[in-house]
Amino acid sequence: MSPERAHQSEHPKSRSIIRRRLRLALRAITVQTFSSLTRRIVVLNLAGLVALVVGIFYLNQFREGLIDARVQALLTQGEIMASAVAASASVETGSIRIDPEKLLEQQAAGEDDSDDASSLDFPINPEKVAPLMRRLISPTKLRARVYDRDGNLVIDSRALFIYSDIVRTDLPQPKQEPNLAERVWNTVKRYLFRSDAPLYKELGNQNGKGYPEVITALDGAPSTQVSINEQNESIVSVAVPIQRFKSVLGVLLLSTRPGEIDEIVTAERLAILRVFAVAAVVMVILSILLASTIAGPIRQLARAAERVRYGVKSRQEIPDFTERSDEIGHLSGALRDMTNALFKRIEAIESFAADVAHELKNPLTSLRSAVETLPLARNDTSRTRLLEVIQHDVRRLDRLISDISDASRLDAELLRSGAEPVDLVRLLTALTGVFNSVEREDGVTVRLSMPTGLPPTALFISGHDSRLGQVINNLVDNARSFSPENGEVRVELRRNKNDVEITVEDDGPGVPDHAIERIFERFYTDRPEEQGFGQNSGLGLSISKQIIEAHGGKLWVENRKDGDKVLGARFVARLPAAQA
């Protein structure tokens, strides 16, 4: 292959590698930035903002206030215009028209019209009113219509007649068909901002009494009306009576251009939408930043937990975020504590398994040697001694296996069973009674002493009575094994401030100084030779300490002394008292 062809074949391959790497980088950025938690935070924050804006639109009082202000302004303008129209409504000065029929009616009724000018008829002269209306209406963009007392249209600002000339205003541009977005917006506006106002009907040159506000104004009272057209555009109408000397000559009907108020409201809502858009952008950015402070540490903690799960070669560490005073910091501390406790438990299990293997190996080795030597025994004495060794090792194995089984299921049993109030007075009374009821060859007795004058619940603790009874049994058995013949083991129960203490004392040789710290170790025994080797598994005190610590207490041993003389050993179990 020529170098040019090789170069051409390698070029697409390099571009595909670059595209693949870009896709992977974009996917990683997307996962890091727009994780599930990030999307939820952004969506929920935006949902709250959208709900706020929709509520503002739905409950906005701006439109109602604008309509009220517009009505008041139209009333004021209408009264001014009606007064001006009334002042110029008559024919030229000195040429007053009088309605003969009304005059005859007043004379037949015997009324004196010399002082009542209201009986005079001043009809509206369109030729005199039209220029005035044009000057008054042109700057306002309002539509003004003047009706006489019979409801006939006299003047419409859309077509003002001045003598033989017609003054015309520009007609509105023909409306184009709305596009899809406009139709959607009109539909939303129709349902979200729908109004209870009546539908506006254009009467044109028909009788103005088809408008309810005109009928009210003909009775001499101003009237207002807010209506909507077919395009859901608001129209505000004000009808003001045109009066001269208390006589209603006609009605001035002022109305706003359709959609005038809606345009103002729409502009105000668009301003709100612009503010919403800016707030939404800021909220998205802040939400992403907030999510990064939450999702990032949680992602690191999850990955560390997975490393702990699959990391079999070395101990994995959980990231430390405990300097944060929030839930992430608490979660990090809890995971670190849980991981440390888990590794400690694993190490304890490994150590326990090694100790068990070591302790079981000794009697098994002795048992195997005795079994292998038994066929080679030359006399009955040797065979009897070997059989005694075999029986001793079997009993020792049985005791070790029982104690190991008890110790192995202790944690699970304490976790499964719930803590209950334990009456230590009743528990210790029952146990010491059992101890004293069983006769022993050494004649050792157990004496119990308890405080008096305390409330019944003062010596209650929260825990497991069977396991606490096992602790007392182990401590008393241990003290009796070291007590001299016909000696006494003293069990004392007392209450401190927030704790309850149980002490077990004996009159034995005490605990050697080198064994003070090791006496609670598993399989550790340090007994006199006359008690026989292998009579104890060395797990009793270890199990007792484990039970006490599981109850939130503490167990230790100390020697009773008189100067330098050791009087015996004292085991102290301190437990938290139950809350009243």
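Asp156 belongs to strand β2, which spans residues 153-156, and it makes a good starting point for a tour of this predicted model. From there we move on to a five-stranded open sheet, and then to a few side chains worth a look, among them an aromatic pair formed by Phe520 and Phe571.

**Around Asp156**

- Asp156 counts as buried because its relative accessible area is 12%, under the 20% cut-off.
- The side chains of Asp156 and Arg143 come together in a polar contact of 2.9 Å.
- Leaving aside residues up to four places away in sequence, Asp156 touches Arg143, Ala144 and Arg145.

**The five-stranded sheet**

- Reading across this open sheet, you meet the strands in the order β9-β11-β12-β14-β13, and their pairing is mixed.
- The edges are taken by β9 (445-449) and β13 (554-562); each has a single partner strand, so one side of each is left without a neighbour in the sheet.
- On average, and ignoring direction, neighbouring strands here are turned by 20° against each other.
- At one of those edges, β9 runs parallel to β11 (residues 488-495), and five bridges join the two.
- If you would like to find this pairing in the viewer, look for Thr445, whose bridge partner in β11 is Glu488.
- Helix α12 (residues 424-437) lies across β9, β11 and β12 (499-505), and its direction makes an angle of about 160° with β9.

**Aromatic rings and a charge**

- How many aromatic pairs does the count come to? One aromatic pair.
- Phe520 and Phe571 form that pair in an edge-to-face arrangement, with 6.3 Å from centre to centre and 90° between the planes.
- The two partners come from distant parts of the chain, 51 residues apart: Phe520 sits in the loop between β12 and α14 (540-550), while Phe571 is in strand β14 (residues 565-576).
- Both Phe520 and Phe571 are buried.
- Elsewhere, Lys554 places its charged end over the ring of Trp556, 5.6 Å from the ring centre.

**Ile516 in the loop**

- The loop between β12 and α14 also holds Ile516.
- Is Ile516 buried or partly exposed? Ile516 is partly exposed, because its relative accessible area is 22%, which lies between the 20% and 50% cut-offs.
- Along the chain, Ile516 and Val557 are 41 residues apart, yet 6.9 Å separates their C-alpha atoms.
- Val557 is also among the residues that Ile516 touches, together with Val511 and Asn559, when residues up to four places away in sequence are not counted.

Notes
Residues numbered from 1 in each chain as written. Predicted model: local features only at pLDDT ≥ 70, side-chain atom pairs only at ≥ 80, totals over all residues. Heavy atoms only, no water. Pairing = 2+ DSSP bridges. Helix = DSSP H or I, 4+ residues; strand = E, 2+ residues; numbered from the N terminus. Axes fitted to C-alpha atoms, helices over the stretch in contact; angles between N-to-C directions. Contact = heavy atoms within 4.5 Å. Buried < 20%, exposed > 50% of the residue type's maximum accessible area, 1.4 Å probe, protein only. Polar contact = N/O pair within 3.5 Å; in protein donor to acceptor, adjacent residues only side chain to side chain. Phe/Tyr/Trp six-rings, centres within 6.5 Å; stacked < 30°, edge-to-face > 60°. Lys NZ or Arg CZ within 6 Å of the ring centre and 35° of its normal.
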